[in-house]
Amino acid sequence: MNTPEIENWHAHVYFDAATRDAAWALRERIEQSLDIQMGRFHEKPVGPHPMFSYQVTVTNEQFTSVMSWLALNHGELIVFVHPNTGHDLEDHRDRAIWIGTSVPLKLDMFTNKKDA
C-alpha cells in the first residue's frame, strides 16, 4: 500500500452561537500572530462539520508552530485538524487530530464519493 502524501492541513475552529464572540476573537489573534490562510466564518454547519466553523489552511512547514500555537491559545473552543491527501474520508475519519473536545463528524457525505 502506498502512503499518501500530505499536501497541507486544515484546522477547523468550531463554535456555536454562545461561543461566536470567542471564535471571532481567536480568529483575529490568529490573523495577527500567524502568517496563515484563513477561510470563511461559517455561522452554520458546512460539509462534514457539525458546528459553525472557520478554516485555517496550514502548510507542512507551518504545522508544528501553528499546532503548538492553537494548542496553547484555543481557549474553550474545539479545533479539528486533518491532513489533505486527496482521500477525504480517511483524512477526516482516520487521520484527525483534535485540540479540545472531539465531536462526531457527518462523514456520510463522503460515502458517495470515490475515495480510493
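Reader: Where does V103 lie?
Author: V103 lies in the segment after β5 (97-99). Helices (H or I, at least four residues) and strands (E, at least two) are DSSP runs, numbered from the N terminus. This is a predicted model, in which local features need pLDDT of at least 70 and side-chain atom pairs count only at pLDDT 80 or more, while totals for chains, interfaces and linings use all residues. Residues are numbered from 1 along each chain as its sequence is written, and side-chain values use heavy atoms, with hydrogens and water left out.

Reader: Which residues does V103 touch, not counting residues up to four places away in sequence?
Author: V103 touches Y14, P50, M51, I78 and W98. Contact means heavy atoms within 4.5 Å. For I78, 25 residues away along the chain, the C-alpha atoms of V103 and I78 are separated by 8.7 Å.

Reader: Why does N73 count as buried?
Author: Buried means under 20% relative accessible area, exposed means over 50%, and partly exposed is in between, with a 1.4 Å probe and protein chains only. N73 has 19% relative accessibility, so it falls in the buried class. N73 is placed in helix α2 (residues 63-73).

Reader: What makes the link between the side chains of N73 and R29 a polar contact?
Author: The distance given for N73 and R29 is 2.6 Å. A polar contact is a pair of N or O atoms within 3.5 Å; within protein, one must be able to donate a hydrogen and the other to accept it, and residues adjacent in sequence count only if both atoms are side-chain atoms. The N73 and R29 pair therefore passes the distance test. Leaving aside neighbours within four places in sequence, N73 is in contact with L26 as well as R29.

Reader: How many aromatic pairs does the structure hold?
Author: The structure holds nine aromatic pairs. One of them is Y14 with F80, ring centres 6.3 Å apart and planes at 20°. This pair links strand β1 (residues 8-15), which has Y14, to strand β4 (residues 78-84), which has F80, with the two positions 66 residues apart.

Reader: Why is the pair of Y14 and F80 called stacked?
Author: Rings of Phe, Tyr and Trp (its six-membered ring) pair if their centres lie within 6.5 Å; planes under 30 degrees apart count as stacked, over 60 as edge-to-face and the rest as tilted. At 6.3 Å and 20°, Y14 and F80 meet both conditions, so the pair is stacked. Y14 counts as buried because its relative accessibility is 1%, and F80 counts as buried at 0%.

Reader: How do you know that F15 and F41 are stacked?
Author: Their ring centres are 4.6 Å apart and their planes are at 25°, so F15 and F41 are stacked by the rule. F15 is in strand β1 and F41 in strand β2 (residues 37-42), 26 residues apart. Both F15 and F41 are buried. These two belong to one aromatic cluster with W24, F52 and Y54.

Reader: What makes the charged end of R27 count as sitting over the ring of Y54?
Author: A charge sits over a ring if NZ of Lys or CZ of Arg is within 6 Å of the ring centre and within 35 degrees of the ring normal. The charged end of R27 is 5.2 Å from the centre of the Y54 ring, so the distance condition is met.

Reader: Why is R20 with E43 called a salt bridge?
Author: A salt bridge is a side-chain nitrogen of Lys or Arg within 4 Å of a carboxyl oxygen of Asp or Glu. The closest N and O atoms of R20 and E43 are 3.0 Å apart, so the pair qualifies. R20 lies in helix α1 (residues 20-33) and E43 in the loop between β2 and β3 (52-58), 23 residues apart. R20 also bridges D21 at 3.7 Å, and R20, D21 and E43 are linked in a network.

Reader: Which exposure class does D21 have?
Author: D21 has 58% relative accessibility and therefore counts as exposed. R20 at 28% is partly exposed, and E43 at 44% is partly exposed.

Reader: How do you know that β1 and β3 pair?
Author: Two strands pair if DSSP finds at least two bridges between them. Seven bridges join β1 to β3, which run antiparallel, so the condition is met. H12 stands opposite Q55 in β3. Strands β2 and β3 pair in the antiparallel sense over four bridges, and H42 stands opposite S53 in β3.
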